[in-house]
Structures are given as C-alpha cells and as structure tokens.
Amino acid sequence: MKITIVGSGYVGLVSGACFAEMGNKVTCVDIDEKKIDKLNNGIIPIFEPGLEAMVLRNIKNKNIFFTSNLANAIQDAQIVFIAVGTPMGDDGSADLQYVLAVAKSIGESMTKELVVVDKSTVPIGTADKVRTTIQNELDKRELQINFHVVSNPEFLKEGAAIDDFMKPDRVVIGADGEYAFDVMKQLYSPFFRTHDRFITMDIRSAEMTKYAANAMLATKISFMNEIANICERVGADANLVRIGIGSDKRIGYHFIYPGVGYGGACFPKDIKALQKVAEAHHYQPKIIKAVEQVNNEQKLVIANKIVKRFGEDLKGFTFGLWGLAFKPGTDDMREAPAIYVVKELTKRGAEVKAYDPKAVEEAKEFYLKGVKGISYYDSKYEVLKDADALILLTEWKEFRSPDFQEVKQQLTNPIIFDGRNQYNAFHLEQKGFEYYQIGK
Ligand SMILES: NC(=O)c1ccc[n+]([C@@H]2O[C@H](COP(=O)([O-])OP(=O)(O)OC[C@H]3O[C@@H](n4cnc5c(N)ncnc54)[C@H](O)[C@@H]3O)[C@@H](O)[C@H]2O)c1
C-alpha cells in the first residue's frame with residue numbers, strides 16, 4: 001500500500017519504518033527540514049533500539065522516502081497518517097495547532113480519495129475538527145473528493161517501540177464506515193501472524209481509549225508512589241509491598257514500581273489534557289487530578305532526601321548523577337524527573353556531574369541548557385570522582401549491577417540515593433554504603 005506519514009518523530013518514524021518493513025511504500029513528511037536532510041543522508045535523528053537498521057534497510061529497498069513537501073507526498077497515497085506532536089498548551093489542554101495545520105495542508109492539496117488517520121494523541125472530538133478543516137479547504141477549491149477520517153491511537157513505548165509496533169497487543173481503529181475499517185485492516189493484517197487483535201469502535205471511543213490507557217498507567221504509578229510515601233512513614237518496605245500486591249493477578253506486577261515519578265512525552269501532557277477535556281464537559285476528574293499532584297511532588301522526593309541528609313544549603317556539595325532520560329532505552333528527556341532534581345539541587349548551590357548512555361546531548365542542548373552547576377561525563381564512574389553521593393534516576397541496564405567497589409572508591413562518601421529502587425539495601429549496607437531509596 002502507499003502510505004504517507006506526516007510528522008517524523010518517535011511515533012511517525014517508527015510507524016513509517018515498520019510499515020515499510022512489511023513491504024509498503026512509505027513517504028515520511030516533516031516540516032523540520034534539517035530532520036529530513038538527516039534522514040535522507042541515513043542519519044536517524046532519535047535513538048530507538050533497532051530503528052536505525054530498519055530505516056537504512058528500507059531506504060536501500062526503496063520502501064521509505066523522506067520529504068518536507070506534503071503536497072507531493074500525498075499525491076499517490078491511499079492513506080495519510082497524522083503523527084505530529086500534540087504538546088500541552090498554555091492552559092494544559094492539548095495544543096492542536098500542528099494536527100489542524102496538517103489537516104489544512106491535506107485539504108489544500110489532496111486530489112483523490114484518501115483515508116486520513118489520526119495517530120497523534122488527541123482530545124475527544126478532534127477527528128470532527130480534522131474532517132471540517134479538510135472539508136473547508138476542499139470547499140474553497142470547489143472540489144468534491146471523498147475522504148475518511150480514522151482514529152488509530154498509538155500504544156508503542158519508547159525504548160521498545162519497534163517491538164511494540166511489529167507485535168502489537170492490539171490495534172485500535174475508530175472509524176465510521178466499512179471502507180475505512182477495511183483499508184486499515186488490510187494495512188495492519190501483516191502485523192498479526194496467528195490471530196488478529198483488531199479492536200474496532202466509533203471514533204470518539206478510540207480517541208478516548210488512548211487517554212484512558214495512559215491515565216490508567218499513570219494512576220498505577222502515582223498510586224504506588226503514594227503507598228511508598230506512606231510506607232516510609234510507617235516503617236514498611238514498599239518494595240516488599242509491591243511484590244505482595246503484584247502477585248494478585250487483578251493488580252499485576254507491571255507499573256507498580258515506586259520511584260521518582262513518571263515523565264516523558266505522553267503521560268504528563270495526556271493526564272493534563274484529559275483533565276481539561278473532562279472540565280470542558282463540566283466534570284471534575286478527581287482521581288486524574290490527584291494522579292498529577294502526587295507525581296509532581298514525587299519528582300522531588302529524592303531531592304528532599306538529599307536536603308534532609310546534607311542540609312538546605314548545598315553549596316560545596318557535589319553529586320554524581322546516573323540517568324537523565326525519562327526512562328531507559330531512549331534519549332527522550334521530555335518531562336524527565338532528572339530535570340526537576342538537577343534544577344532543585346543546583347538552585348541550592350550543588351554541583352551535579354551527570355552521565356547518561358544516550359540523553360546527554362538532549363540535556364545539554366535543550367532540557368538543562370543554561371543550568372549552572374551541571375557538567376557532563378562519558379563514564380558512569382567518572383561522575384562519582386570526588387562526589388558526595390551517587391544519585392540514580394534512570395534504570396538503564398548498565399546501572400543495575402555496577403562495580404560497587406569502584407563506586408565506593410570514587411565517592412567521597414559512600415552514599416547512594418536510588419530513585420528507582422534498583423539495589424538491595426541489605427547488600428549495600430553490608431558493603432558499607434549509606435543507602436536511601438523510595439518507600440523505605
Ligand atoms: N512518543 C511516544 O512514545 C508516543 C506514544 C504514543 C503516542 N504518542 C503521540 O504521538 C504524537 C507524536 O508524538 P512524538 O513523540 O512522535 O512527537 P515528536 O515531537 O517526536 O514528533 C513530531 C514531529 O512532527 C513534526 N511536525 C510538526 N508539525 C508538522 C507539520 N505541520 N507537518 C509536518 N511535520 C510536522 C515535528 O517537526 C516533529 O518531527 C503525539 O500526539 C504523542 O502524544 C507518542
């Protein structure tokens with residue numbers, strides 16, 4: 001099939017590469033010309049395991065193309081995906097300007113029947129806005145062209161995006177006609193080898209499904225963090241409680257790790273956007289608001305422990321930081337807890353020496369740009385040299401089993417603040433470390 005994907009970020013590029021891998025002809029579009037130049041030169045602008053090899057293979061097979069010219073890119077397409085960002089607007093609602101700009105461009109340039117698929121995470125009712133925007137442009141051109149608007153929310157996880165896309169546990173399709181359902185099923189069928197896992201529904205339910213999924217996952221995280229905060233105060237161990245409750249199949253082990261809170265490109269903005277959607281429809285979403293509030297406070301729990309240990313004024317103290325990305329397996333730092341922790345510590349006068357396997361450039365160029373007191377290193381042990389403590393914020397595999405002898409030798413004080421509960425307190429204490437974790 002001939003597909004155009006507008007927006008070549010984490011979702012657009014991964015989707016494009018995976019559709020191309022199945023033999024489709026895919027054109028990826030982005031307004032960021034530098035990004036398109038890079039892609040045309042075989043340079044992948046983001047880190048996602050397996051993505052580079054897949055994109056390069058499909059460039060070679062002539063299954064994937066990159067351009068900034070949307071009008072040209074949709075001339076031959078049967079399906080156009082909208083996969084641009086929907087960041088948080090000033091009032092917390094999802095900012096739809098990019099989605100609607102793409103819809104307008106589609107209406108201005110389409111010449112034949114198209115299925116327009118919204119893959120971006122969007123508030124309920126956005127498909128109607130996309131339809132109206134396209135129709136207005138067609139009316140201006142005095143053209144009558146059939147088009148179908150579909151909602152196909154994306155559930156991939158950064159860090160495992162290729163795997164998630166190639167072996168989806170479900171593909172949600174919201175449409176209002178058989179033609180659109182058929183085209184979408186034809187496109188996705190190759191991803192299901194044994195039995196399909198399509199979930200079809202009306203468009204609004206599909207749009208809501210994505211928000212509900214993210215809200216449920218964020219709720220599990222904030223719930224467990226709240227339990228951890230109570231555990232700390234009553235002398236219980238949240239890690240043991242986690243195992244105790246996770247064994248109940250109705251609860252499960254996933255997403256109940258106590259930690260420094262959720263971040264990333266999705267949960268924070270989607271939780272806020274869902275609140276705004278509910279409020280716009282005269283409903284006060286009490287649980288969703290609490291999820292956000294707990295998370296905002298949780299991002300600073302480790303910083304608070306550091307202040308409690310070293311004092312309000314952190315001038316003269318140096319901390320070695322492991323992990324900047326919002327989670328392992330990605331270079332993405334959008335809303336990463338590290339941003340909040342580093343800013344809090346440096347604001348109090350501390351020096352922070354940071355290491356991350358993939359996210360250092362993002363930190364330097366965007367998320368911690370201009371922050372005084374942070375410096376970056378290429379090795380996890382180097383950041384510990386003469387540091388007063390180690391702070392762990394992202395659970396990259398290379399941090400799971402470090403050489404604790406080396407850690408101890410490098411640090412001025414053998415102190416670890418573990419924001420992801422990676423280590424065994426008993427073992428570390430036996431090795432002579434002072435160990436602080438979440439929920440104990
Ligand atoms: N990142 C994730 O893990 C994830 C998972 C599921 C859903 N989503 C949703 O998917 C959407 C995209 O997220 P992302 O993380 O890929 O965003 P991203 O910021 O990585 O990529 C968006 C891309 O769209 C481009 N763009 C913006 N306006 C454009 C226009 N008018 N024409 C062409 N390109 C344009 C930008 O230059 C950028 O490259 C969001 O709605 C997000 O909530 C993201």
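This passage walks through a predicted model, beginning with its ligand and moving on to one helix and three loop residues.

A good place to start is the ligand, which is surrounded by 25 residues. Asp30, Lys35, Thr86, Glu158 and Lys269 are the closest of these. Sorted by class, the shell holds 10 nonpolar, 7 polar and 8 charged residues. Several polar atoms of the protein can be paired with atoms of the ligand. The side chain of Thr86 places an N or O atom 2.6 Å from an oxygen atom of the ligand, while a polar backbone atom of Val11 lies 2.8 Å from a ligand oxygen. On the nitrogen side, a ligand nitrogen is found 2.7 Å from an N or O atom in the side chain of Glu158. On its own, the ligand has 830 Å² of accessible area, and the protein covers 88% of it. Two elements, α1 (10-21) and α5 (97-109), each give two or more residues to this shell.

Helix α12 (residues 286-298) offers a simple check of geometry. With 13 residues at 1.5 Å a residue, α12 should span 18 Å, and this agrees with its end C-alpha atoms, which are 18 Å apart. The buried residues of α12 are Ile288, Val291, Glu292, Val294, Asn295 and Gln298. Because these residues cover an arc of only 165° around the axis, they sit on the same side of α12. Turned away from that buried side is a face carrying the exposed residues Lys286 and Glu297.

The loops hold some details of their own. Asn421 belongs to the loop that links β13 (415-418) and α17 (425-430). Its relative accessibility is 4%, and since buried means under 20%, Asn421 counts as buried. A polar atom of the Asn421 side chain lies 2.9 Å from the backbone nitrogen of Ile438.

Two further loop residues stand out by their backbone angles. Most residues other than glycine have a negative phi. Lys62, however, has a positive phi, near 60°, and is placed in the loop between α3 (51-60) and β3 (64-67). Glu142 likewise has a positive phi, near 55°, and its loop runs between α6 (126-140) and β6 (147-151). The cut-off for exposed is over 50%. Lys62, with a relative accessible area of 55%, is therefore exposed, and Glu142, at 74%, is exposed as well.

Definitions and conventions: Residues are numbered from 1 along each chain as its sequence is written. This is a predicted model: local features need pLDDT of at least 70, side-chain atom pairs count only at pLDDT 80 or more; totals for chains, interfaces and linings use all residues. Side-chain values use heavy atoms; hydrogens and water are left out. A residue is near a molecule or strand if one of its heavy atoms lies within 4 Å of it. A polar contact is a pair of N or O atoms within 3.5 Å; within protein, one must be able to donate a hydrogen and the other to accept it, and residues adjacent in sequence count only if both atoms are side-chain atoms. Accessible areas come from the Shrake-Rupley method with a 1.4 Å probe; for residues, only the protein chains shown count as cover. Helices (H or I, at least four residues) and strands (E, at least two) are DSSP runs, numbered from the N terminus. Ala, Val, Leu, Ile, Met, Phe, Trp, Tyr, Cys and Pro count as nonpolar, Asp, Glu, Lys and Arg as charged, and the others, Gly among them, as polar. The expected span of a helix is 1.5 Å times one less than its number of residues. Buried means under 20% relative accessible area, exposed over 50%, partly exposed in between (1.4 Å probe, protein chains only). The arc is that of the directions from the helix axis to the C-beta atoms.
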